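Please open the model in your viewer and keep the selection panel at hand. The tour below proceeds by selection, one stop after another.

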Amino acid sequence: MAETGATTDWQAWQDSWDRQQEWYMPDREERFRVMLDMLEALAGPTPRVLDLACGTGSITDRVLKRFPGAASTGVDLDPALLTIARGHFAGDSRASFVTADLKDPQWTAALPHDRYDAVLTATALHWLHSPQLAVLYRQLAPLLPEGGVFMNADHMPDPSTPRINAAEHAHRHAGMDRAKAAGVPDWAEWWALAAADPVLAEPVKRRFEIYGEHADGDTPDAAWHARALREAGFAEARTVWCSPSDALVLGLK
């Protein structure tokens with residue numbers, strides 16, 4: 001993902017991030033498809049979206065491609081991933097990005113809008129421990145009007161099925177080994193590539209000063225998420241998609 005002259009190939013970085021994430025989640029696009037289907041069903045084709053813990057803007061990218069009349073605000077704390085997001089969407093007035101720490105009680109004050117039709121997030125909130133996530137869910141409810149939608153796609157394994165979980169884990173990791181042998185970078189390798197890019201080197205350095213190698217949240221099951229959303233003020237909440245290890249939980253205000 002080297003620079004071309006003085007111009008960084010942001011699309012290449014976006015694609016590279018997607019490939020690295022797909023190495024861990026081969027069904028990543030399927031969960032995005034269901035997320036966008038439910039977004040359209042509940043918020044229509046021109047929603048104002050909050051892309052929560054947005055990273056490089058993977059959700060924003062898919063929302064704006066499918067719904068050209070939509071608008072999205074991405075919020076994250078990672079300076080490297082936000083650099084890629086801002087570069088990728090430069091010049092697109094439908095997308096904006098905000099630096100904020102979701103653990104900060106006042107993080108919503110950094111947002112450009114008081115209300116959103118939908119709050120979407122994927123493979124990000126497992127960095128928070130369950131008590132912190134329950135607090136975050138209570139902070140999200142006031143951002144949505146009645147009928148507003150929240151969706152979280154993340155690791156939500158069922159602890160009551162250890163043998164099923166073990167078999168799925170072994171099968172998935174065998175596929176990951178094959179993909180890695182074919183050259184797909186894992187998490188550590190991707191960050192090493194980013195650190196070697198002159199444009200991203202400094203943001204990557206700051207990113208590791210903030211997070212270290214990886215945060216250490218937990219992964220409650222989908223039932224916990226649905227219950228926490230109802231306790232946070234959502235009228236309805238349930239799983240709308242699942243794989244053997246992950247799920248997409250939707251809360252309706």
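Select Val204 first and display its surroundings: leaving aside residues up to four places away in sequence, Val204 touches Ala80, Trp191, Ala194 and Ala195, where contact means heavy atoms within 4.5 Å. Val204 belongs to helix α8 (residues 201-211); helices (H or I, at least four residues) and strands (E, at least two) are DSSP runs, numbered from the N terminus. With a relative accessible area of 4%, Val204 is buried; buried means under 20% relative accessible area, exposed over 50%, and partly exposed in between (1.4 Å probe, protein chains only). Add Tyr137, which is 67 residues away along the chain; the two C-alpha atoms are separated by 29 Å.

This is a predicted model, in which local features need pLDDT of at least 70 and side-chain atom pairs count only at pLDDT 80 or more, while totals for chains, interfaces and linings use all residues. Residues are numbered from 1 along each chain as its sequence is written, and side-chain values use heavy atoms, with hydrogens and water left out.

Tyr137 leads to the next selection. Tyr137 is, together with Leu52, Trp107, Leu125 and Phe150, among the residues with the most contacts inside the largest nonpolar core, which has 34 residues. Such a core is a set of buried Ala, Val, Leu, Ile, Met, Phe, Trp, Tyr and Cys residues joined through side-chain atoms within 4.5 Å. Two or more residues each come from β3 (48-52), α5 (130-140), α9 (222-231) and β9 (246-252). Apart from this core lies another, of 27 residues, including Phe32, Val49, Cys54 and Leu82.

Now centre on Trp107. Its contacts, not counting residues up to four places away in sequence, include Leu50, Leu52, Val75, Leu136 and Leu143.

Move to helix α6 (residues 162-181). Its 20 residues should span 28 Å at 1.5 Å a residue (the expected span being 1.5 Å times one less than the number of residues), and the end C-alpha atoms are 28 Å apart, which agrees. Which residues of α6 are buried? They are Asn165, Glu168 and Met176. Viewed down the axis of α6, the buried residues fall within an arc of 75 degrees, so they line one face of the helix; the arc is that of the directions from the helix axis to the C-beta atoms. These buried residues pack against α1 (10-24). On the face turned away from the buried side, select the exposed residues Arg163, His171, Asp177, Arg178 and Ala181. After α6 comes Gly183, with a positive phi near 110 degrees.

Finish at His88, in helix α4 (residues 79-88). His88 is buried, at a relative accessible area of 18%, and touches Trp10, Gln11, Gln14 and Asp61, residues up to four places away in sequence not being counted.
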